Amino acid sequence: MIDLKKSVLNEAAENFKLVEEISELNTLKVLEAMRRLKISDAHFKTSTGYAYGDIGREKLDELFAEIFKSEAALVRTQFVSGTHALATALFGILRPNDELVSLTGAPYDTLQTVIGHAHASKGSLKEFGIGYRELDLVEGKVDIAAIKNFLTPKTKLALIQRSRGYSMREPLTTSDIEKICAAVKTANPDCVTFVDNCYGEFVETREPVEVGADLAAGSLIKNIGGGLAPTGGYIVGRKDLVESASYRLTAPGMGNELGASLGTPRLLYQGLFMAPHVTAQALKGAIFAAGIFSKLGYKTHPLPEDTRGDIIQAIELRSAQRLIKFCQAIQKFSPVDSFAVPEAWDMPGYSDKVIMAAGTFVQGASIELSADAPLREPYAVYLQGGLTFEHAAIGILSAAQELENL
Ligand SMILES: *Cc1c(COP(=O)(O)O)cnc(C)c1O
């Protein structure tokens with residue numbers, strides 16, 4: 001294992017350098033935004049009750065808007081997760097008889113429950129009379145040429161998932177997103193382009209809205225929270241669309257003007273400041289895992305040398321036994337709940353049994369070293385996160401060792 005580690009680190013040197021350069025540029029972007037908006041201690045004060053006129057909340061929205069080069073932002077701990085932020089935007093914008101399409105094949109498991117077309121689910125968009133179609137991927141890629149004929153005048157919103165999620169397709173790069181958004185606008189200029197940005201933030205130097213997306217949303221306990229945000233989600237993009245989403249999050253008429261921060265502001269600001277660096281740590285962990293496991297004879301997506309569009313590393317373990325063992329090893333080498341033994345269970349919002357290893361400070365935070373997998377062919381584990389590369393490397397090598405011992 002020591003020799004294996006050495007050779008993987010040698011081969012990864014160039015890729016690591018690239019990751020560091022991106023992290024530097026993104027750190028500069030965040031820092032410049034914080035300077036320009038004059039972030040100060042006053043913005044970290046907590047608010048309670050209705051929290052009218054909470055300057056920390058308002059400034060954080062401005063800061064996200066600035067960093068994502070968008071007109072508006074809604075950053076809230078009242079979003080319980082990324083799915084909630086995405087669903088809030090969808091329910092806020094779509095109306096009965098509108099059509100929603102996914103351009104990146106089947107969306108992430110929890111969004112399928114929100115949409116309600118793959119299988120019936122209570123409270124879904126389908127129950128509100130919202131139509132849905134999916135544009136199939138072709139060899140794992142978005143069929144950009146087909147977008148023109150796929151959209152109709154009824155298509156109100158096109159969902160574009162940046163990350164691979166629990167699938168073997170490649171994540172989108174921001175240049176892919178640029179091309180997809182342009183194709184949508186050519187076919188139907190009124191169709192809203194909405195990017196599920198989970199796991200994609202700060203992996204590159206550009207973000208979806210600046211390459212043509214109308215809207216993007218994600219989770220604060222992934223990349224953008226820098227491991228410090230205790231919970232929450234965000235929506236960024238066109239002002240009218242963010243406003244529509246805000247009425248769904250709170251209530252019509254209330255929108256973004258209230259919502260108590262309950263002691264969270266400093267963590268959200270500081271987490272955002274840390275996020276480019278922490279994302280880089282996670283990316284290095286992913287590159288390292290790809291290197292180790294491909295040398296051990298497993299298929300990895302991406303390959304160690306591939307360009308990355310998200311922080312997820314998929315490894316095909318080919319058996320349920322190895323999959324479970326892998327997740328148990330990641331859990332065992334976690335700082336929190338290391339003594340717990342993860343098992344596969346029916347997690348709300350997911351259709352297959354899912355096993356998750358997350359020995360994290362923030363419950364389930366997948367910017368911290370974590371592994372999860374639906375129990376289905378090809379028994380791929382999805383590894384992501386690592387607040388420090390050192391921890392990611394320890395976890396990955398330990399998991400590799402345990403599989404070798406089987
Ligand atoms: C994580 C994730 C989500 C949202 O999941 P939550 O657990 O609700 O935050 C949505 N889409 C993708 C691609 C994701 O990776």
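User: In this predicted model, what kind of contact do the side chains of Asp-109 and Arg-376 form?

Analyst: The model is indeed predicted. A salt bridge is counted when a side-chain nitrogen of Lys or Arg is within 4 Å of a carboxyl oxygen of Asp or Glu. The side chains of Asp-109 and Arg-376 meet in such a salt bridge, at 3.6 Å from N to O. Asp-109 belongs to helix H4 (residues 109-115), while Arg-376 sits in the loop between strand E11 (370-374) and strand E12 (380-384), so the pair ties together parts that are 267 residues apart in sequence.

User: Are Asp-109 and Arg-376 buried or partly exposed?

Analyst: Buried means under 20% relative accessible area, and exposed means over 50%. Asp-109 is therefore buried, since its relative accessible area is 8%. Arg-376, at 27%, counts as partly exposed.

User: How many salt bridges does the structure hold?

Analyst: The structure holds 17 salt bridges. One of them joins the side chains of Glu-11 and Lys-295, at 3.0 Å from N to O. Glu-11 lies in helix H1 and Lys-295 in helix H8, so this pair ties together parts that are 284 residues apart in sequence. Glu-11 is exposed, with a relative accessible area of 57%, whereas Lys-295 is partly exposed at 38%. In addition, Lys-185, Asp-214, Arg-238 and Asp-240 are linked in a network of salt bridges.

User: How should one read the empty space inside the model, and how many cavities of 30 Å³ or more are there?

Analyst: Rolling a probe the size of a water molecule over the atoms shows where empty space remains. Here the count comes to 2 cavities of 30 Å³ or more. The largest cavity has a volume of about 100 Å³. Its lining consists of 14 residues, and Arg-57, Val-75, Ser-261, Thr-264 and Leu-268 lie nearest its centre. Helix H2 (55-67), strand E1 (72-76) and helix H8 (265-295) each give two or more residues to that lining.

User: Which classes of residue line the two cavities?

Analyst: The lining of the largest cavity has 6 nonpolar, 6 polar and 2 charged residues. The second largest cavity, with about 30 Å³ of space, is lined by 8 nonpolar residues, 1 polar residue and no charged residues. Among the residues lining the second largest cavity are Leu-60, Phe-64 and Val-75.

User: Which residues form a nonpolar patch on the surface?

Analyst: Leu-28, Leu-31 and Phe-273 form this patch, with about 250 Å² of accessible area together. Leu-31 is placed in helix H1 (residues 2-36) and counts as partly exposed, at 35% relative accessibility.

Definitions and conventions:
Residues numbered from 1 in each chain as written. Predicted model: local features only at pLDDT ≥ 70, side-chain atom pairs only at ≥ 80, totals over all residues. Heavy atoms only, no water. Patch = residues over 30% accessible without salt bridge, like charges linked within 9 Å, V, L, I, M, F, W, Y side chains within 5 Å. Areas by Shrake-Rupley, 256 points an atom, 1.4 Å probe, with all protein chains shown as cover. Helix = DSSP H or I, 4+ residues; strand = E, 2+ residues; numbered from the N terminus. Buried < 20%, exposed > 50% of the residue type's maximum accessible area, 1.4 Å probe, protein only. 1 Å grid on protein atoms, 1.4 Å probe; cavity = no way out; pocket = protein on both sides within 12 Å on 5 of 7 lines; lining within 4 Å. Points joined across faces, edges and corners; volume = space filled by probe spheres on them. Nonpolar A, V, L, I, M, F, W, Y, C, P; charged D, E, K, R; others polar.
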